[in-house]
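Here is a walk through one protein model, from its interior to its surface. Keep the structure in view as you read.

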Amino acid sequence: MTDQAQMLRNLVMKREQERTARLSNAGQRTAKLITVTSGKGGVGKSNFTLNFALALQSMGKKVLVFDADIGMANIDVLMGVSAEYNLYHLLRREKRIDEIIERGPGFLSFIAGGSGMSELFSLSQSDLNYFTEEIERIAGEMDYIIFDTGAGLSKENFNFIYSSDECLVVTTPEPTSITDAYALIKVVSSKGNDTAFKLIVNRAGDEREADQTADKIMMAAQRFLKVEISMLGYISEDRHVVQAVKKQVPFSIAFPNCTASMEIQRIARSYMLVPASTESGTLTGIKGFMQKWLRRTK
């Protein structure tokens, strides 16, 4: 009994030491800021964001999903979770950042957008400073912060893409989806933006169709925009995805062995195979993100 009590005390002490180490290193750690977007709606962008985040988390990464879809925030709906607080409560200084972070399936951390997203674009300098400080505080504990934006290229979406370290563009093999994805990349790159783009082809019939879809966008971007884009991966058309949406459970949790779940894991593994230099020191960081943000909103 005494041995068990000592083991428990040692475990508690170890966890407290690990927590202290994380906090002391928070200022040295910079979360990678990722925007997920699409040229048009209905391509499965938010569903991809959610399951991609869960896949990264399953590989030991600390991930925060930020629902940045103005007026159409639905990450919480896809998870079947009712968010008690959202960005509005932070911007009104009613809650601190850690108090508005909700937990979804798999203990995934997320911030619901709600009505607060529209207010984010009309803050005073004092409020912007407060928002930056709060986000920076939690960013020190994260590996990735993923912004799930709306479809299309509204001013708000452009600001997120422009300010992030990287933009993942979700498309499908449908001609209109391909055209709109290319148009989005064209407009953003024409503004002198240096954010890196990666393509995800969703609802592909097979690998060949996915490659053909990505090639159309990548070749056009290289030829006409002089922009190099890479394909991160694809997700096949899978009936389990629709079933999971109806259940309001992420497909990677509801059906972990289905084709789509296997492919989202593969995409996450590929994403983590980035140069070491990109993982430290060269990232935008929250302050850099907000500096870019402010340049675009003035």
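The text below takes the nonpolar cores, then one helix residue, then a pocket.

The model is predicted. Start with the largest nonpolar core. This core has 35 residues. Seven positions have the most contacts inside it: Phe 48, Phe 52, Leu 56, Leu 108, Ile 146, Leu 168 and Tyr 271. Helix α2, residues 45-58, gives the largest share of this core, with 7 residues.

Now follow Leu 56. Which residues does Leu 56 touch, beyond those up to four places away in sequence? They are Lys 61, Val 63, Tyr 144, Ile 146, Ala 268, Tyr 271 and Met 272. Two of these partners, Ile 146 and Tyr 271, are also among the residues with the most contacts inside the core.

Another core lies apart from the largest one. It has 27 residues, including Ile 101, Ile 145, Phe 289 and Met 290.

Return to helix α2, where Thr 49 is found. Is Thr 49 buried or exposed? Its relative accessible area is 0%, so Thr 49 counts as buried, the cut-off being under 20%. Neighbours within four places in sequence aside, Thr 49 is in contact with Val 36, Val 65, Ile 146 and Asp 148. Ile 146 thus appears in the contact lists of Thr 49 and of Leu 56.

Last comes the largest pocket. It holds about 260 Å³ of space. Its lining has 13 residues. Nearest the pocket centre lie Lys 62, Arg 103, Ser 109, Glu 141 and Met 142. By class, the lining has 6 charged, 5 nonpolar and 2 polar residues.

Definitions and conventions: Residues are numbered from 1 along each chain as its sequence is written. This is a predicted model: local features need pLDDT of at least 70, side-chain atom pairs count only at pLDDT 80 or more; totals for chains, interfaces and linings use all residues. Side-chain values use heavy atoms; hydrogens and water are left out. A nonpolar core is a set of buried Ala, Val, Leu, Ile, Met, Phe, Trp, Tyr and Cys residues joined through side-chain atoms within 4.5 Å. Buried means under 20% relative accessible area, exposed over 50%, partly exposed in between (1.4 Å probe, protein chains only). Helices (H or I, at least four residues) and strands (E, at least two) are DSSP runs, numbered from the N terminus. Contact means heavy atoms within 4.5 Å. On a 1 Å grid over the protein atoms alone, a cavity is a set of points where a 1.4 Å probe fits but cannot get out, and a pocket is an open set with protein on both sides within 12 Å along at least five of seven lines; lining residues have an atom within 4 Å of a point. Grid points are joined across faces, edges and corners, and a volume is the space filled by probe spheres set on the points. Ala, Val, Leu, Ile, Met, Phe, Trp, Tyr, Cys and Pro count as nonpolar, Asp, Glu, Lys and Arg as charged, and the others, Gly among them, as polar.
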